Structure formats: structure tokens, C-alpha cells
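Me: Could you take a close look at one part of this model for me, the aromatic rings? I'd enjoy a connected account that starts with the part itself and then sets it in the whole chain.

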Amino acid sequence: MNETLLWLLYLVSALIAFLAVQKLGWRIVPSIFAGTAVSVVGWAFLYALAAEENRPEFWRLDLSLNASFALVFAGAGAALAFALKSRDPHN
């Protein structure tokens with residue numbers, strides 16, 4: 001296992017937040033929380049599956065650090081969706 005999976009989880013959190021705003025019409029804050037929750041659950045699942053000796057150093061970091069990264073990515077996804085939606089004259 002390497003840290004690429006973790007970065008993919010962050011991108012998934014951004015995608016979830018983006019789609020929640022763009023397609024479902026959610027507000028920014030709930031979409032950020034939804035994206036972050038998906039990433040945190042994914043991190044916990046992957047952390048539980050890997051044996052301690054097989055976990056890279058990056059995986060051993062606190063959940064709070066990984067949740068912070070997920071919040072940043074989800075916030076960026078939600079903000080991008082909001083900006084694109086605000087530019088559309090039909091919304």
C-alpha cells in the first residue's frame with residue numbers, strides 16, 4: 001500500500017462535495033461535511049485493513065490530519081461547483 005490511495009480518497013471527497021452542490025443543489029457546508037465523511041470512513045477502512053507493519057509512515061498520521069486534508073479538498077470541490085453554478089444564468 002502506498003499513499004496514492006489516500007490522495008485518491010481526498011479527490012473522492014472533492015468530487016462528492018462538487019456533485020452535491022452541482023447536481024443535488026446542496027449548500028456548501030453540508031456538501032463539505034459529506035465529502036469529508038466519505039474520505040474519513042475510507043481512511044478508517046483502509047487503516048483497519050492494513051497490518052501495522054505494512055502501513056506506510058503517511059498512513060500512521062493522525063486521523064485529524066487526514067480529515068483536515070479531506071476538508072480542504074472537499075471545500076475546494078464545493079467552492080468550484082458553487083462558482084460554476086453561480087456563473088450559469090439559468091440557476
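Reply: Happy to. Rings of Phe, Tyr and Trp, the last taken by its six-membered ring, count as a pair if their centres lie within 6.5 Å. On that basis, ring pairs join W7, Y10, F69 and F73 into a cluster. Please keep in mind that this is a predicted model.

The structure has six aromatic pairs. One of them is formed by W7 and Y10, with 5.1 Å from centre to centre and 85° between the planes, an edge-to-face arrangement. An angle over 60 degrees is what earns that name. Both residues belong to helix α1, and because they are three residues apart there, about one helical turn separates them. Their surroundings are worth a look as well: W7 is partly exposed, at a relative accessible area of 32%, whereas Y10 is buried, at 0%.

Y10 also pairs with F69. Here the ring centres are 5.5 Å apart and the planes meet at 35°, so this pair is tilted. Planes under 30 degrees apart would have counted as stacked. Y10 sits in helix α1 and F69 in helix α3 (residues 63–87), so the pair ties together parts that are 59 residues apart in sequence. As for cover, F69 is partly exposed, with a relative accessibility of 27%; the buried range is under 20%.

Now for the setting. The protein contains three helices and zero strands, in the order α-α-α along the sequence. Along the principal axes, its C-alpha atoms occupy a box of roughly 55 × 20 × 15 Å. Of the contacts between residues at least 6 apart in sequence, 70% connect residues at least 24 apart, and the link from Y10 to F69 spans 59 residues. Buried residues account for 31% of the 91 residues, and Y10 is one that counts as buried.

The surface and the charges round out the view. About 5,700 Å² of the protein is accessible, and carbon and sulfur atoms supply 69% of that area. There are 6 positive and 6 negative side chains, with 18 Å between the centres of the two sets.

How confident is the prediction in the helices? Helix α1 (residues 4–22) has the highest mean pLDDT, at 93, and helix α2 (residues 28–49) the lowest, at 90. Over the protein as a whole the mean is 87, with 90% of residues at 70 or more.

Notes:
Residues numbered from 1 in each chain as written. Predicted model: local features only at pLDDT ≥ 70, side-chain atom pairs only at ≥ 80, totals over all residues. Heavy atoms only, no water. Helix = DSSP H or I, 4+ residues; strand = E, 2+ residues; numbered from the N terminus. Buried < 20%, exposed > 50% of the residue type's maximum accessible area, 1.4 Å probe, protein only. Contact = heavy atoms within 4.5 Å. Areas by Shrake-Rupley, 256 points an atom, 1.4 Å probe, with all protein chains shown as cover. Lys, Arg positive; Asp, Glu negative; His and termini not counted. Charge placed at Lys NZ, Arg CZ, Asp CG, Glu CD. pLDDT = per-residue confidence, 0-100.
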